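Here are my notes for anyone opening this one up for the first time. Have a look at the structure first, then work through the points in order.

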Amino acid sequence: MKFVVSGLIAIVLFAVAPVVRAGENILQNGGAEEGDKSPKGWSQGAEIDGVEYIWDKKAGQRGKASLCLEKTAKRYFPIAQWYQVVDRTGDQPALQVSAQVKAAGVTKAIIDVAFLDDKGESVGHKWAAYIGAKEAGDAAVSHDWKEYAGRVEIPPGTRKIQIGLQVYGPGKVWFDEVRAEYAR
């Protein structure tokens with residue numbers, strides 16, 4: 001705590017961690033609208049042959065932009081992703097995650113939630129939503145904007161949460177209006 005005295009008035013200044021309430025988006029730039037050369041708040045995963053990371057400024061569910069992954073390689077690994085890491089705040093036991101998704105020939109894409117400890121090491125991950133063919137032999141999925149959502153429990157020891165917008169198999173997938181909210 002720091003005291004600042006100005007004339008006869010004492011002002012008390014102190015740092016407080018931001019409080020995030022249930023129902024508030026913990027992600028920054030969920031609509032992918034902000035940024036100069038890259039979408040603010042979002043990072044690209046590893047460079048992978050046969051995968052293109054696209055900040056698509058012409059395709060958005062509500063606005064004009066979205067995060068896109070196009071995989072032409074005919075394999076499921078390695079996994080490509082746009083991701084964002086946020087500090088874990090509060091004591092809510094779960095996270096509700098949602099996104100508007102557009103798909104073109106998607107065989108397998110995921111909205112993944114990874115949980116990290118205070119050293120940045122994994123304490124687990126869970127799939128919040130699955131986009132694509134569910135059974136062997138199912139056709140790839142193509143559709144216009146549609147909401148995908150899921151609720152995941154937050155494991156004990158979680159200090160950071162990583163939301164990953166992932167593509168495993170061939171196809172092109174766009175993510176927009178990405179939200180992650182604490183839930184009871």
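1. Let's start with a small detail: where in the chain is the place of P78? Look in the loop between β5 and β6 (80-87). The peptide bond leading from F77 to P78 is cis there, with omega near 0°. Keep in mind throughout that this is a predicted model.

2. Now the overall make-up. The chain has 0 helices and 12 strands, so if you read along the sequence you just get β-β-β-β-β-β-β-β-β-β-β-β. Of the contacts between residues at least 6 apart in sequence, 72% join residues at least 24 apart. Buried residues account for 46% of the 184 in the chain. About 10200 Å² is exposed, and carbon and sulfur atoms supply 51% of that.

3. One open sheet has 5 strands in the order β4-β5-β12-β7-β10, with antiparallel pairing. Its edges are β4 (51-56) and β10 (141-153); each has a single partner strand, so one side of each has no neighbour in the sheet. On average, neighbouring strands in this sheet are turned by 25° against each other, ignoring direction.

4. There is also an open sheet of 5 strands in the order β3-β6-β11-β8-β9, and its pairing is antiparallel. Here β3 (43-44) and β9 (122-132) are at the edges, and because each has a single partner strand, one side of each is left without a neighbour in the sheet. If you want to trace a pairing by eye, try β8 (residues 108-116) with β9: 9 bridges join these antiparallel strands. D112 is a handy marker, as it stands opposite W127 in β9.

5. Back in the sheet with β4 at one edge, spend some time on β12 (residues 171-183). It is joined to β7 (residues 94-106) by 10 bridges, and to β5 by 5 bridges; both pairings are antiparallel. On the β7 side, Q100 has D176 as its bridge partner, while A103 stands opposite V173. On the β5 side, L67 is bridged to F175. How many of the 13 residues of β12 are buried? The count is 11, so this strand is largely enclosed by the rest of the structure.

6. What about the interior? The largest nonpolar core has 40 residues, and L95, I111, I163 and F175 are those with the most contacts inside it. The strand that gives the most to this core is β7, with 6 residues.

7. F175 deserves a closer look. Beyond its neighbours within four places in sequence, F175 is in contact with residues including S66, L67, L69, A99, V101, I111, W145 and L165. Two of the names in this point come up elsewhere: L67 as the bridge partner of F175, and I111 among the residues with the most contacts inside the core.

8. S66 is another good place to stop. This serine is in β5 (residues 66-71). Is S66 buried or exposed? With a relative accessible area of 0%, against a cut-off of under 20%, S66 counts as buried. Its side chain reaches the backbone oxygen of A59 at 2.5 Å. Leaving out residues up to four places away in sequence, S66 touches A32, I54, W55, D56, A59, G60, W145, W174, F175 and D176.

9. Finally, check the loop between β2 (9-13) and β3, where you'll find G31, along with N29 and A32. N29 has a positive phi of about 60° although it is not a glycine, and the description fits A32 as well, with a positive phi of about 60°. N29 counts as buried at 10% relative accessibility, G31 at 11%, and A32 has a relative accessible area of 0%. The C-alpha atoms of G31 and S66 are separated by 6.5 Å, though these residues are 35 apart along the chain. Not counting residues up to four places away in sequence, G31 touches A65, D176 and E177.

Note on methods: Residues are numbered from 1 along each chain as its sequence is written. This is a predicted model: local features need pLDDT of at least 70, side-chain atom pairs count only at pLDDT 80 or more; totals for chains, interfaces and linings use all residues. Side-chain values use heavy atoms; hydrogens and water are left out. Two strands pair if DSSP finds at least two bridges between them. Helices (H or I, at least four residues) and strands (E, at least two) are DSSP runs, numbered from the N terminus. Axes are lines fitted to C-alpha atoms, for helices over the stretch in contact, and angles run from 0 to 180 degrees between N-to-C directions. A nonpolar core is a set of buried Ala, Val, Leu, Ile, Met, Phe, Trp, Tyr and Cys residues joined through side-chain atoms within 4.5 Å. Buried means under 20% relative accessible area, exposed over 50%, partly exposed in between (1.4 Å probe, protein chains only). Contact means heavy atoms within 4.5 Å. A polar contact is a pair of N or O atoms within 3.5 Å; within protein, one must be able to donate a hydrogen and the other to accept it, and residues adjacent in sequence count only if both atoms are side-chain atoms. Accessible areas come from the Shrake-Rupley method with a 1.4 Å probe; for residues, only the protein chains shown count as cover.
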